[in-house]
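This report walks through one protein chain, element by element, for a reader who is new to structures. Please keep the sequence and the model in view while reading.

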Amino acid sequence: MLTIVLLPGMDGTGTLFEPFVAELGQQFKVQIVRYPTTGALGYQELEEQARNSLPTSGRFVILGESFSGPIAVSLAASRPAGLVGLILCATFISNPRPLFGPLRLLAGALPVKLAPLAVLSTALLGRFATPQLRSALAAAMAQVSGEALRARLRAVLSIEVSAKLEGVGVPLLYLLAKHDQVVPVSALKRIARVFPAIQVVPVNAPHFLLQAAPREAAAAVTKFLQSLHNAL
């Protein structure tokens with residue numbers, strides 16, 4: 001059975017994957033990578049943790065959501081045994097907001113834990129917010145320390161994995177959130193320039209694509225995985 005390895009967004013808890021996993025059903029094995037909730041760990045350290053969580057046998061694909069896109073790309077570029085595909089969801093290969101780059105030295109002082117839930121919900125969910133999704137977001141964020149979140153924000157502002165993407169040797173699917181207020185479409189265009197063979201599926205969803213539109217996302221992922229199976 002094919003395994004889908006899910007790499008989470010900035011919260012790193014993996015709990016926000018629940019709606020998406022439920023829609024996938026039983027046809028795939030799902031493995032969720034969870035990052036530490038404390039500690040000032042950047043991309044390099046978190047990548048190593050994710051690498052240690054990859055399956056050691058059988059075929060698998062990696063799905064990198066938002067913050068974890070660069071980690072997914074780096075892992076795929078190393079061509080681990082058994083990897084047959086890569087899925088990127090509402091993510092980037094370099095700082096998606098270049099104008100904010102100079103702020104990376106200040107990111108360590110931002111009171112990220114004090115951001116009102118309403119602000120986070122507006123940015124991540126927009127008009128797709130529901131009481132259930134807001135509650136899930138609040139529960140996930142409550143588990144993560146401010147130190148960890150600030151470190152991850154700093155990492156985003158300086159990340160660059162374009163060269164690694166060039167070395168990816170498996171098919172690539174990108175799930176595009178059509179109403180994303182966090183990662184602009186320019187991030188996808190940058191990925192497409194580096195990897196022209198990319199497959200793009202637009203989804204009527206906010207940045208929290210897998211959470212707000214789990215059925216559509218699961219359908220797109222299933223179709224992609226079936227195409228991989230047919231090609232093997």
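What covers the buried residues of H3? In this predicted model, the cover of those buried residues includes S1, H2, S3, S4 and helix H7 (162-166). The helix itself is mostly covered, since 8 of its 9 residues are buried, and the buried ones are Gly 69, Pro 70, Ile 71, Ala 72, Val 73, Ser 74, Leu 75 and Ala 76.

## The pair of helices H2 and H3

One of the elements covering H3 is H2, and the two helices can be looked at together. The axes of helix H2 (residues 43-51) and helix H3 (residues 69-77) come within 10 Å of each other, and they cross at roughly 60°. Because of that angle, H2 is oblique to H3. The crossing in which H2 passes H3 is right-handed. By class, the contact of H2 with H3 has 6 nonpolar, 1 polar and 2 charged residues. On the side of H2, the residues that take part are Tyr 43, Leu 46, Glu 47, Ala 50 and Arg 51, and they meet Pro 70, Ile 71, Ser 74 and Leu 75 in H3. A general point about helices helps in reading such lists: an α-helix has 3.6 residues a turn, so residues three or four places apart point the same way.

## The sheet

The strands come next. An open sheet is formed by 6 strands in the order S2-S1-S3-S4-S5-S6, and their pairing is parallel. Its edge strands are S2 and strand S6 (199-203), each of which pairs on one side only. Direction ignored, neighbouring strands of this sheet are turned by 20° against each other on average.

At one edge, strand S2 (residues 29-32) is joined to S1 by 4 bridges, and the two strands run parallel. Within this pair, Thr 3 stands opposite Lys 29 in S2. Strand S1 (residues 3-7) is mostly covered, with 5 of its 5 residues buried. Thr 3, Val 5 and Leu 7 point one way from S1, whereas Ile 4 and Leu 6 point the other way, and all are buried.

At the other edge, strand S5 (residues 172-177) is joined to S6 by 5 bridges, and these strands also run parallel. Here Leu 173 stands opposite Gln 199 in S6. Helix H8 (residues 185-194) lies across strand S4 (83-89), S5 and S6, and runs at about 165° to S5.

## Single residues in loops and a helix

Several residues outside the strands deserve a separate look, and the table sets out how accessible each of them is.

| Residue | Place | Relative accessible area | Class |
|---|---|---|---|
| Ser 53 | loop between H2 and strand S3 (60-65) | 25% | partly exposed |
| Ser 68 | loop between S3 and H3 | 0% | buried |
| Arg 79 | loop between H3 and S4 | 55% | exposed |
| Ala 90 | loop between S4 and helix H4 (117-124) | 2% | buried |
| Arg 150 | helix H6 (residues 146-158) | 21% | partly exposed |

Which residues does Ser 68 contact, leaving aside its neighbours within four places in sequence? Ser 68 is in contact with Leu 7, Pro 8 and Tyr 35, and Leu 7 is one of the buried residues of S1. For Ser 53, not counting residues up to four places away in sequence, the residues touched are Gln 31 and Val 33.

Distances in the chain and in space can also be set side by side. Ser 53 and Ile 32 are 21 residues apart in sequence, while their C-alpha atoms are 8.7 Å apart in space. Arg 150 and Ala 40 are 110 residues apart along the chain, and their C-alpha atoms are separated by 7.6 Å.

Two of the loop residues call for a remark on the backbone. Most residues other than glycine have a negative phi. Arg 79, just after H3, takes a positive phi of about 50°. Ala 90 likewise has a positive phi, near 50°, in a residue other than glycine. Where these two sit with respect to the surface can be compared in words: Arg 79 is exposed because its relative accessibility of 55% is over 50%, whereas Ala 90 is buried because its relative accessible area of 2% is under 20%.

Note on methods. Residues are numbered from 1 along each chain as its sequence is written. This is a predicted model: local features need pLDDT of at least 70, side-chain atom pairs count only at pLDDT 80 or more; totals for chains, interfaces and linings use all residues. Side-chain values use heavy atoms; hydrogens and water are left out. Axes are lines fitted to C-alpha atoms, for helices over the stretch in contact, and angles run from 0 to 180 degrees between N-to-C directions. Angles under 35 degrees count as roughly parallel, over 145 as roughly antiparallel, 65 to 115 as roughly perpendicular and the rest as oblique. A crossing is left-handed if the near helix is turned anticlockwise from the far one by less than a right angle, and right-handed if clockwise. Contact means heavy atoms within 4.5 Å. Ala, Val, Leu, Ile, Met, Phe, Trp, Tyr, Cys and Pro count as nonpolar, Asp, Glu, Lys and Arg as charged, and the others, Gly among them, as polar. Buried means under 20% relative accessible area, exposed over 50%, partly exposed in between (1.4 Å probe, protein chains only). Two strands pair if DSSP finds at least two bridges between them.
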